[in-house]
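Subject: Structure handover

Hello,

Here is the structure I promised to pass on. Please open it alongside the notes below.

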Amino acid sequence: MPYYRVVGEVPRKRHVQFRRPDGGLYAEELMGEEGFSSDSSLLYHRHLPTAILKAEPVEPPAASALTPNLPLSPRHFRTQDLPAGGDLVTGRGLLAGNADVRMSYVATEAPSELYRNSMGDECVYIASGRVVFESTYGALEAAEGDYVVVPTGTIHRWVPDGRVTAFVIEAAGHIRPPKRYLSKYGQFLEHAPYCERDLRSPQETLIVEGEEVPVLVRTRGGLTRLVYRNHPFDVVGWDGCLYPYAFNINDFEPIVKGIHAPPPVHQTFEGPNFVICSFCPRPLDFHPEAVPIPYNHHNVDSDELMFYAGGDYSARKGSGIDVGSISLHPAGFTHGPQPGAVEAVIEAVRQGHTRTNELAVMVDTFRPLDLGPAALSVEDPGYAWTWAR
Ligand SMILES: [Fe+2]
């Protein structure tokens, strides 16, 4: 995160004595990225954040193998047909991934246990329902349309209020706003489609009493359950530029042109070798002779995975794509609107249609995506041939 925040109590200077009411010292913890050469925050714990009692092995999830996209094909997966189960961490059904990023889908009502992903940042898009995200930095309420960005190493848990569905993006690195939206010191520029005011982060600390508290930790080697002597939610204050935050897709201000604008105008975040884009309701391209849906295109360096989160998709009519669908258009394949869609939307504009109400989250990866077992279990096998009908 590019800007500084302070929550709860912190001493006047960093790294000076800061004492509890009983006279003991609070335990300072520096969470820092990139070898402490990038964003960081200082957290003040009531108890030692280092005190663990046990380290237990955890069986890896059964369905975590990835399969190459061969023979090379555009794909359509129906997350609507995936079963609910687990929680927002353990219930993730793997859709696709590579060495840089993994994407999953989850539908659940169950609270998760405490979890720390030490492999990279996570961006959890809440597709439906309401959930409280609790962490060492405090709590955040999230609901439909929210991206919740969780920095690497943040101990947290998810507490749904009823059924929640989510599209989960796990990076092998950090997820940040695109550099081109920021000043050289990190402030959002005027041309950016969102800014600091649109980002929500914890407003107060969260204290939970408890002893012998298990935390599921994900590392490159697999999963471990560390048992902490005291509950990790014991932070009385923190400050810095590194913290979890939420951004609602409806706060993304679309950039619209007279003729069709290319996908980079929809970019919302960037990660290592991938980008995340938001396609939001917006006026259609307004040049009198505009073709107001995408042209056929070949993203030569990227696989494009799109999660259709809401609205309708005039460019995809006839393809079987619906809310909850995921399309994967890999490099090596040219894609575009379904046959007849261009003429149909031009005619709709002639009849007075001026807006699109599509809502979608797209992840473009710069390395090929392999396919996950959850995706393959709900694949629409006829999709690849729909342009040739
Ligand atoms: Fe595309």
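**His260 and its surroundings**

His260 has a relative accessibility of 16%, so it counts as buried, the cut-off being under 20%. Keep in mind that this is a predicted model. His260 sits in the loop between strand E17 (245-248) and strand E18 (267-271). An unreviewed UniProt entry places the feature "active site" at His260. That label comes from the record, and such annotations may be inferred rather than shown by experiment.

Which residues does His260 touch, not counting residues up to four places away in sequence? They are Asp285, Val291, Pro292, Ile293, Pro294 and Tyr295. With Asp285 there is also a polar contact: the side chains of His260 and Asp285 are joined at 2.8 Å.

**The iron site**

Three protein residues act as donors to the iron ion: His297 (NE2), Glu304 (OE) and His335 (NE2). They lie 2.0 to 2.1 Å from the iron ion. Along the chain, the donors follow the spacing H-x6-E-x30-H. His297 and His335 link distant parts of the chain, 38 residues apart. His297 is in the loop between strand E20 (282-283) and strand E21 (303-310). His335 is in the loop between strand E22 (325-329) and helix H1 (341-350).

His335 is buried, because its relative accessibility is 5%.

**His329, in contact with two donors**

His329 belongs to strand E22. Buried or exposed? His329 counts as buried, at 5% relative accessibility. Leaving out residues up to four places away in sequence, His329 touches Pro74, Ser302, Asp303, Glu304, Arg316, His335, Tyr383 and Trp387. Among them, Glu304 and His335 are donors of the iron ion. The side chain of His329 also makes a polar contact of 2.6 Å with the side chain of Tyr383.

**Asp100 and Asn273**

Asp100 lies in the loop between strand E6 (93-97) and strand E7 (101-108). Its relative accessible area is 6%, so Asp100 is buried. Neighbours within four places in sequence aside, Asp100 is in contact with Glu170, Ala171, Ala172, Pro272, Asn273, Phe274 and Arg367. The side chains of Asp100 and Asn273 share a polar contact of 3.4 Å. Gly86 is 14 residues from Asp100 along the chain, and their C-alpha atoms are separated by 25 Å.

Asn273 is in the loop between E18 and strand E19 (274-279). Asn273 is partly exposed, because its relative accessibility is 35%. The phi of Asn273 is positive, near 65°.

**Backbone points to check**

Most residues other than glycine have a negative phi, and most peptide bonds are trans. Asn273 departs from that pattern with its positive phi. Where else does a residue that is not a glycine have a positive phi of about 50°? At Glu34. Glu34 is in the loop between E2 and strand E3 (40-45). With a relative accessible area of 46%, Glu34 is partly exposed.

There is also a cis peptide bond, between Leu70 and Pro71. Omega there is about -10°. Pro71 lies in the loop between strand E4 (52-58) and strand E5 (75-78).

**An open sheet**

An open sheet is formed by 4 strands. The order is E1-E16-E3-E2, with antiparallel pairing. Strand E1 (5-8) and strand E2 (27-32) are at the edges. Each has a single partner strand, so one side of each is left without a neighbour in the sheet. From one strand to the next, the twist averages 15°.

The partner of E1 is strand E16 (residues 235-240), with 4 bridges between them. In this pair, Arg5 stands opposite Gly240.

**A hairpin**

How many bridges join strand E9 (residues 122-135) to strand E10 (residues 138-143)? There are 6, and the two strands run antiparallel. E9 and E10 form a hairpin, with 2 residues between them. Val132 stands opposite Glu141 in E10.

Regards

Notes:
Residues are numbered from 1 along each chain as its sequence is written. This is a predicted model: local features need pLDDT of at least 70, side-chain atom pairs count only at pLDDT 80 or more; totals for chains, interfaces and linings use all residues. Side-chain values use heavy atoms; hydrogens and water are left out. Two strands pair if DSSP finds at least two bridges between them. Axes are lines fitted to C-alpha atoms, for helices over the stretch in contact, and angles run from 0 to 180 degrees between N-to-C directions. Donors are N, O and S atoms within 2.8 Å of the metal (3.2 Å for Na, K and Ca); water is not among the atoms, so sites may look incomplete. Buried means under 20% relative accessible area, exposed over 50%, partly exposed in between (1.4 Å probe, protein chains only). Contact means heavy atoms within 4.5 Å. A polar contact is a pair of N or O atoms within 3.5 Å; within protein, one must be able to donate a hydrogen and the other to accept it, and residues adjacent in sequence count only if both atoms are side-chain atoms.
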